[in-house]
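Reader: Before I rely on the descriptive words used for this model, I should like each of them justified. Please set every value against its definition and then conclude.

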Amino acid sequence: MNKINPEEFPENGFVIVASKHERFYKAALECAESVKLFYPEAHITLFTDHEEWVKPTDWNIADYIITWEVPKHIRAKLWALSQTPYKGKTCYLDADMLCQHEDIEFVFDQLTDDLDLIFTKIRPYN
């Protein structure tokens, strides 16, 4: 796999991390696919700690898949937050999420210049 060329990445993008179990990797691909369904121009980087899970067809879903130096740890997602390839804003998505609305394209507008981080409220039905 190629190393990241920072010049190739857009200003904003999505990061999804799948570690430890292949089922999380498959869920991450489904999450990415659901984002692209509503926001085809979205740029998605997927981090995984198992290169052997990556199939050639996965590149039709994720724009970039990173396998090198990803920790084999349940909290690899915390490591990946600091590894974002995006120069502007990064939206981190849990692997087990699904996008259900076209407003996903406006997610980067929600983080104003005076904030570094936003968390969404976890609702009881989640």
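Author: Buried means under 20% relative accessible area, exposed means over 50%, and partly exposed covers what lies in between, with a 1.4 Å probe and protein chains only. This is a predicted model, in which local features need pLDDT of at least 70 and side-chain atom pairs count only at pLDDT 80 or more, while totals for chains, interfaces and linings use all residues. Residues are numbered from 1 along each chain as its sequence is written, and side-chain values use heavy atoms, with hydrogens and water left out.

Reader: Why is Leu98 called exposed?

Author: Leu98 has a relative accessible area of 52%, which is over the cut-off and therefore counts as exposed. Leu98 sits in the segment after S4. Leu98 nevertheless has contacts (heavy atoms within 4.5 Å): leaving out residues up to four places away in sequence, it touches Glu30, Cys31 and Ser34. Its C-alpha atom is also 8.6 Å from that of Glu33, although the two residues are 65 apart in sequence.

Reader: What makes Ser19 buried, and what does Ser19 touch?

Author: The relative accessible area of Ser19 is 9%, so the residue falls under the limit for buried. Ser19 belongs to the loop between strand S1 (13-18) and helix H1 (22-38). Beyond four places in sequence, it touches Phe24, Asp49, Trp53, Pro71, His73, Ile74 and Ala76.

Reader: How are helices and strands assigned, and how many of each does the protein have?

Author: Both are DSSP runs, numbered from the N terminus: a helix is a run of H or I with at least four residues, and a strand is a run of E with at least two. By that rule the protein has two helices and four strands, arranged along the sequence as β-α-β-β-α-β.

Reader: How do you know that the length of H1 agrees with its number of residues?

Author: The expected span of a helix is 1.5 Å times one less than its number of residues. H1 has 17 residues and should therefore span 24 Å; its end C-alpha atoms are 25 Å apart, which agrees.

Reader: Which residues of H1 are buried, and what covers them?

Author: Tyr25, Ala28, Leu29, Cys31, Ala32, Ser34, Val35 and Lys36 are buried in H1. Their cover includes S1, strand S2 (44-48), strand S3 (64-66) and strand S4 (90-93). Ala32, at 0% relative accessible area, is buried. Outside its sequence neighbours up to four places away, Ala32 touches Ile16, Ile44 and Ile61. The C-alpha atoms of Ala32 and Cys99 are separated by 8.4 Å, with their positions 67 residues apart along the chain.

Reader: How do you know how many disulfides the structure holds?

Author: A disulfide is counted when a pair of cysteine sulfur atoms lies within 2.5 Å, and the structure holds zero such pairs. For Cys91, the nearest cysteine sulfur is that of Cys31, 8.9 Å away, so Cys91 is in no disulfide. Cys99 also has the sulfur of Cys31 as its nearest, at 7.9 Å, and is therefore in no disulfide. Cys91 is buried at 14% relative accessible area, and Cys99 is buried at 13%.

Reader: What makes a group of residues a nonpolar core?

Author: The members must be buried Ala, Val, Leu, Ile, Met, Phe, Trp, Tyr or Cys residues joined through side-chain atoms within 4.5 Å. The largest such core has 24 residues, of which Phe14, Ile16, Tyr25, Val35, Leu46 and Leu93 touch the most other members. S1, H1, S2 and S4 each give two or more residues to this core, and H1 supplies the largest share, six residues. Apart from this core lies another of ten residues, among them Val15, Tyr64, Ile66 and Val70.

Reader: Why is the pair of Phe14 and Tyr39 called edge-to-face?

Author: Rings of Phe, Tyr and Trp (its six-membered ring) pair if their centres lie within 6.5 Å; planes under 30 degrees apart count as stacked, over 60 as edge-to-face and the rest as tilted. The structure has six aromatic pairs. Phe14 and Tyr39 are 6.3 Å apart, centre to centre, with 80° between the planes, so they form a pair that is edge-to-face. Phe14 is in strand S1 and Tyr39 in the loop between H1 and S2, so this pair ties together parts 25 residues apart in sequence. Phe14 is buried at 0% relative accessible area, and Tyr39 counts as buried at 15%. Ring pairs link Phe14 and Tyr39 with Phe108 into a cluster.
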